[in-house]
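Reader: Please show me the model. I would like to ask how some of its labels were arrived at.

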Amino acid sequence: MTPSDAASDPQIAALQAAAAHAQAELEAAQAQAALAAAKVKAAEAAAALADAGITASDGATGAASPVEPAGSGSASDAPAAEAPSDVPADVTTDDAVGAETSSSTATGSSGASSTDDLDADTIGPGPLGLDDVLKIRDGYLVHGPALEMGALVNGEPVPGVQVRIPLSVMNRHGLVAGATGTGKTRTLQGLVEQLSAAGVPVFAADIKGDLSGIATPGESNEKLLDRTRGIGQDWTPAATPTEYFALGGVGKGVPIRATIAAFGPLLLSKVLGLNATQESSLGLVFHYADQAGLPLLDLSDLRAVLTYLASDDGKGELQELGGLSGATVGVILRELITFADQGADVFFGEPEIDTADFIRLDPSGKGIVSLLEVPGVQNQPALYSTFLMWLLADLFNTLPEVGDPEKPKLVFFFDEAHLLFRDASKDFLAQITQTVRLIRSKGVGIFFVTQTPKDVPGEVLAQLGSRVQHALRAFTPDDAKALKATVSTYPTSGYELGEVLTSLGTGEAVVTVMNEKGAPSPVAWTRLRAPQGLMSPSADTAIDAAIAASPLLARYGTPVDRESAREILTAKLEEANQAALAAEAELERQRIATELAKQQAAADKAQAAAQKKADAEYERLLRKTAGTTRRTSTRSSSTSSKSPLEEILGSKATRSILTGVVEGIFGTRRRR
């Protein structure tokens, strides 16, 4: 039988194929055995060193070699000699290696993953060649603690190539972007859980309400386990210590409040939508209140100061500083009233939150996650975004300089970040940029979470070290333009990023981060790890119980209304009003006294005139009576010196009667 005849025989061909397959399996088994033997020898060598009292880090003896990349066969691979016992039996070799990597990363040895089995047959059928895959693998090797993002995707996941963010660069800030429904919230949840497990406190806003699931262990199902096994994740359910907060107590959580004075004129102007002139005037009002000892605690205090400075009593207070336009005061007052009508008045007052309470660990050493519930944020976007910006500004002003710590003191997740930058003034953007640039040295990392990178100004994007870009949509010309701009900001890679960014599945992202040396890592299409907490909201009863048990509730739960600008100005105006009323009463008394004096003088003058007239009439009557008497006395002088009538008229009684009659006629008699 010729070779051609043998090749044509189906049975012989099948036998040859089976033999070739068996030979391949034998070679694979031999490779596996060789690898296992090498690991056993490495473990025996490590044990011998340990028996001799020599540690792998003892450089003085020269026994330990420097940390080498995974797959080099160095002693650093020894801890990963055995796969975790809880890896399912049907997990592939690559899955087991990925599980090893996940386990070692949790203990801070993420640079020790074994990827010797990477070859042209195991890197996937995608666009990347072996050299590109190895370059990405080496670019994400981390020798210190790291956050596991997931496995490289090259058509299919490559569990042997894990994508990580070094924990030490988490204060270099980052961006999580992507269209609605692409998995941004789950990415955020996974990062938060790992940060907490690493002893890093976290502050995050719960916009949609489903981030509260981090406080409850996740629920396993076969679909979830298939996905996690496929990327080398050894998934187990776990809960994260969580503290719930609410702005002003609106919603569930410990109330967060701030005083108007602490909020400041710049942030408040942004909330109120004031122009540059009005913002400057508001700053003048804050300056006056501070100099005059008028505490600005809530919106009513600010309204009271504005009203006072626009009144006649207060107009002169700011003349030396340029004065305050009545029209400007009117605009600010109207905006404050509208602001209060939207419910914002509950967010301002005392007790003011101490931002140091966001930097806490639980008894087990895990970082506490401060979760801010923000109901109805779309109705109050300016308030939400500006309030979070105030928290950052307060942290920046109160925290000491720490340089570049091994891990951040706090990581701040700014969800719906586009709300912060909408209609922002140049001064406001300058303040944000400065805060983002400088707060890194305070040990605080900021991650902006939004839909597209164009939502964040370029000055801020330039400060971000890590980017996790979920799928983008390109349905409109504007979308296509935004996609092109996004692609142009990435380092060169083996991917056609324009296609990749529009074809990413849910839970997948294009990742590039800052490595431990401060350089950008290669662009990696990544299938992200699943969160270990519940991927839906925690039960209301569990949230209520956590809030009731919070040690912060007693400190911040009840609002305090101490004496402030409103009460001080009210008392001052009341005192001024009382003084004005007393002065007015004195003037009225003096006016009445003067009027009475005038009336008395007029009455005295009239009485004197009447008396004079009565006296004149009396004299006239006397003269007339005297003439008659003389004529009569001439005729009767011989008989008597005075007649009886003369004697009657000349008597004192008659004169008194005549005087009374005359006074009665002219109405000049006094009535007493």
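Reader: What makes the end-to-end distance of helix H8 (residues 276–291) agree with the span it should have?

Author: First, this is a predicted model, where local features need pLDDT of at least 70, side-chain atom pairs count only at pLDDT 80 or more, and totals for chains, interfaces and linings use all residues. Residues are numbered from 1 along each chain as its sequence is written, and side-chain values use heavy atoms, with hydrogens and water left out. Helices (H or I, at least four residues) and strands (E, at least two) are DSSP runs, numbered from the N terminus. The expected span is 1.5 Å times one less than the number of residues. For the 16 residues of H8 that gives 22 Å, and the end C-alpha atoms are 23 Å apart, so the two agree.

Reader: Which residue caps the N-terminal end of H8?

Author: Asn275 does, with a side-chain oxygen 3.1 Å from the backbone nitrogen of Thr277. A polar contact is a pair of N or O atoms within 3.5 Å; within protein, one must be able to donate a hydrogen and the other to accept it, and residues adjacent in sequence count only if both atoms are side-chain atoms.

Reader: Why is strand E11 (residues 508–512) called largely enclosed?

Author: Buried means under 20% relative accessible area, exposed over 50%, partly exposed in between (1.4 Å probe, protein chains only). In E11, 5 of the 5 residues are buried, so the rest of the structure largely encloses this strand.

Reader: What makes E11 and strand E12 (residues 524–528) a pair?

Author: Two strands pair if DSSP finds at least two bridges between them. E11 and E12 have 4, in the antiparallel sense; Ala509 has Thr526 of E12 as its bridge partner.
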